[in-house]
Number of protein chains: 2
Amino acid sequence: MGGVTQTRTTRLERGRSALGPALELVHTGRAPTRAVLTNQLGVTRATAGAVAAELQALGLITVDPRPGGAGGAQGRPSHRLAVDPEGPVVLAAQVHADGFRAALVGLGGRIVATAPGCQDVPADPGHVLAAVVEAGAGLLRASGRRCLGAGLAVPSAVAEPEGTALNPLHVAWPAGAPVRDIFRERVREAGILRHPEGGDEAPPGAAVLAGNDINLAALAEHRHGAGRGSRDLLCVATGHRGVGGALVLDGRLHTGSSGLALEVGHVAVNPEGRPCHCGNRGCLDVETDPLAFVTAAGREPGPEVSLLQQSRDLLRTEYADPAVRDAAHLLVDRLGLGLAGLVNILNPDRIVLGGLHQELLDADPERLRAAVAERSLWGRSGSVPILPSTLGHNSLVGAAELAWQPVLDDPLAALGG
Amino acid sequence: MGGVTQTRTTRLERGRSALGPALELVHTGRAPTRAVLTNQLGVTRATAGAVAAELQALGLITVDPRPGGAGGAQGRPSHRLAVDPEGPVVLAAQVHADGFRAALVGLGGRIVATAPGCQDVPADPGHVLAAVVEAGAGLLRASGRRCLGAGLAVPSAVAEPEGTALNPLHVAWPAGAPVRDIFRERVREAGILRHPEGGDEAPPGAAVLAGNDINLAALAEHRHGAGRGSRDLLCVATGHRGVGGALVLDGRLHTGSSGLALEVGHVAVNPEGRPCHCGNRGCLDVETDPLAFVTAAGREPGPEVSLLQQSRDLLRTEYADPAVRDAAHLLVDRLGLGLAGLVNILNPDRIVLGGLHQELLDADPERLRAAVAERSLWGRSGSVPILPSTLGHNSLVGAAELAWQPVLDDPLAALGG
DNA sequence: CTGGCTTTGTACCGGCGATGAATAAAACAC
DNA sequence: GTGTTTTATTCATCGCCGGTACAAAGCCAG
């Protein structure tokens, strides 16, 4: 009678102390020393030092007392903080039109090991994901690393919170396949997340998640690539067919209320354009993808899985051909119109382009920037930096980011068990 | 010698304890009792009780021991938590095509006093803002309340962080007028923020800010109106001319990297439409505003400042006229197309419409919902709730929210001085 | 080479807010 | 009335963080 302690509160589990933010700063390379960590966190040196010591004790970062490079500094040299290259990893997996890929990725976005596994993708997601996870398990056995989570990138919008692939592109999966749960089940079966020493089950905080490949590429570019430091990053990219987009706000992926945001393919850019399966005509999706480019250049389109490569080759080796150049100009203008519309709606502080769009930007940066500036309402928008993506395998690194997130949010909970 | 204390850290000033979140919960009506406050904050009852006591001591909320209404409850009845109706206020000001308005607004979005001040808006923003502030100062003298900040709503995009009005609509201001600084200067001159007892200067934390009227209306709808509880709220509304939009993410206004986001007026909805000043044709801006409606209904448009009222009258009293109904259908379909495009990009969990769009929704809710569902890619998006706004003077309330924000973030700092 | 100067890393204490348990209070059910 | 349930309040305690002092490690001037 009396003390019923407390009705269970819906605890927010806000990450204990500044451990998480500190790890994120080191993870993204924004805190090379304890001193800047102190400034970035807004805490005292004492606290920053304690936090760094704890992260080191957890085996996540290293502290190198060697004076760090920039010799011109006054005062006592800083010790170098870095991600521990021998630390734990996560499993990153990607399924795309050409096959699949698995990798182990450490903190800092460093790819530790990869297994290509290029094969045709069968119609049953269960088989592919089993194969991917098996490849990852092999990598893990070979490396002896501890694995803290797993992330999967798929060429489809992923509905949240269900984790289902709504419109798998060019992999013959059924729409609505529960890829997240299938992936999770395969990972559980493989026992990847089991703590190596203790024979325990998977740690409770470990994440096994799935996301759209372009969303994840954007996340990777934000953390480790051309989007570093952006607070409001828009990414637009093509695969072989279609156009995808992603938005990273304040360091977090903006997936909308149900994971379906940034379906940017259906912004209208050409009133007389080709009909699109969405019902309109002249959508970004059908006007600026590799098929549109190859066609506009008057070439015979090859097989679908090679359209991106064919477009690349055209741009890089036959740009002197007027037909190719005109086609590039046409696509650049239409892409510029689409991006301008997105700028008017989202007002990003940076735009990063991937796939064919990246190639088009490289081919004629000024034309694209001018097109965006001209069609976006504000003169200021003309100064939105438009950059090519800088990471290879960025979807893979992004899938790893997904799996790292719980660790970055609360390292103690994710490791301590 | 020796201890140099600490190099000045860029302190994050994260709000002391859970005081701010607690006040926000009471402010938005989501915490009617200490018990739900406990749950919402995820703290213990002890903490929630202490926090409530402190807010009461600060004169911001009241605690009413009277058992609160819902008689069916088990156990000891809760005390009612409410915003203190005698508490401090902020000055809210709005300038629009028809004139200006000033009001005192308390916590909870309650308008305490208003001064209409309907007159023509002179071309010099300094004069209007002086008049608005003078009206507000009169209200303050009459009420004897303490004023904690001031917010201004203007019919223009406001660039951040400059606080300049980039495209004032239908008030003859120069583009780029520094309205925020002018407003701030007038408020300072009027001595509104001076603490009544102490003859001190304005408290350092007090906010004097300006924002776009539709953005602020969206903020008000989110906190106190049809957008309550939404995590991803899209608002679209018309004035007399043109279309504006706003997005509220996780309770914060998303203004983009430089305050220019959600310029939704230039989404294309009619390839053969009227030319728009943006260079395209058939933009939402010129296809779904009151002028477009009056014209489509075959009526002679009246003076610009009465177009919205003229449209309202047509819809409400002459909807039986086939010309009016057809015009409404046409605009609904185009609005639906535009909203569908925004849904594909933003994936909101709710849409709130204002101005003429609200009237169009009221006139034929099912047609608009169907149009959005049909044109947005995902079946799920068809279930996006589309609601009319529920607040009168919502821009004014939103301007007040702007001024309340520092108090909600850290009540102690904002009041204690 | 020696003694300031500057910046970085560490030890210690104290404050403050939150937790957790126990107790009191106020209704409803029987 | 008595027991049950839910809510409010008091109190001891814990842990994170801030502030201070001090030690360490390189430049620079003489």
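At what angle do helix H1 (residues 19-27) of chain A and helix H13 (residues 394-409) of chain A pack? The first legend below takes this up, and the other views follow. Please keep in mind throughout that this is a predicted model.

**Figure 1. Helix H1 against helix H13 in chain A.** The two helices pack at an angle of about 140 degrees, and their axes lie 7 Å apart. H1(A) is therefore oblique to H13(A). On the H1(A) side, the residues to look for are A:Gly20, A:Pro21, A:Leu23, A:Glu24 and A:His27. They meet A:Glu401, A:Val407, A:Leu408 and A:Asp409 of H13(A). Sorted by class, the residues of this contact are four nonpolar, two polar and three charged.

**Figure 2. The three domains of chain A, and where domain 2 meets domain 3.** Chain A is divided into domain 1 (19-67 + 79-83), domain 2 (89-215 + 394-416) and domain 3 (229-388). The centres of domain 2 and domain 3 of chain A, taken over C-alpha atoms, are separated by 28 Å. Where these two domains of chain A touch, 13 residues of domain 2 are in contact with 16 residues of domain 3. The area buried between them is about 1,100 Å², and carbon and sulfur atoms give 53% of that area. If you would like three residues to start from, try A:His170, A:Ile214 and A:Asn215: they supply 49% of the area that domain 2 of chain A buries against domain 3 of chain A, more than any other three residues.

**Figure 3. The two copies and the axis between them.** A turn of 180 degrees, with a shift of 0.0 Å along the axis, lays chain A on chain B with an RMSD of 0.1 Å. The two copies are thus related as by a two-fold rotation axis. To find the axis from within chain A, go to A:Pro271, whose C-alpha is the nearest one in that chain, 2.7 Å away from the axis. Of the interface residues of chain A, 100% are also interface residues in chain B, so the copies meet through the same surface.

**Figure 4. Helix H10 of chain A meeting helix H10 of chain B.** Each of these helices covers residues 322-346 of its chain. Their axes come within 12 Å and cross at roughly 80 degrees, which means that H10(A) is roughly perpendicular to H10(B). The contact is made by A:Leu342, A:Ile345 and A:Leu346 from H10(A), together with B:Leu342, B:Ile345 and B:Leu346 from H10(B). By class, this contact of H10(A) with H10(B) has six nonpolar residues, no polar residues and no charged residues.

**Figure 5. A cis peptide bond in each chain.** In chain A, the peptide bond from A:Glu160 to A:Pro161 is cis, with omega near 5 degrees. A:Pro161 sits in the loop between strand S7 (158-159) and strand S8 (164-165) of chain A. Chain B has a cis peptide bond from B:Glu160 to B:Pro161, again with omega near 5 degrees. Here B:Pro161 is in the loop between strand S7 (158-159) and strand S8 (164-165) of chain B.

**Figure 6. A positive phi at A:Leu262.** This view is for anyone who likes to check backbone torsions. Phi of A:Leu262 is near 60 degrees, a positive value in a residue other than glycine. A:Leu262 belongs to the loop between strand S12 (252-253) and helix H7 (284-287) of chain A.

Key. Residues are numbered from 1 along each chain as its sequence is written. Chains are lettered from A and ligands numbered from 1 in the order in which they are written. This is a predicted model: local features need pLDDT of at least 70, side-chain atom pairs count only at pLDDT 80 or more; totals for chains, interfaces and linings use all residues. Side-chain values use heavy atoms; hydrogens and water are left out. Copies are superposed by least squares on the C-alpha atoms of residues with pLDDT of at least 70 in both. Contact means heavy atoms within 4.5 Å. Axes are lines fitted to C-alpha atoms, for helices over the stretch in contact, and angles run from 0 to 180 degrees between N-to-C directions. Helices (H or I, at least four residues) and strands (E, at least two) are DSSP runs, numbered from the N terminus. Angles under 35 degrees count as roughly parallel, over 145 as roughly antiparallel, 65 to 115 as roughly perpendicular and the rest as oblique. Ala, Val, Leu, Ile, Met, Phe, Trp, Tyr, Cys and Pro count as nonpolar, Asp, Glu, Lys and Arg as charged, and the others, Gly among them, as polar. Domain bounds come from an automatic or database domain assignment. Buried area is the accessible area (1.4 Å probe) that two parts lose on being put together, summed over both.
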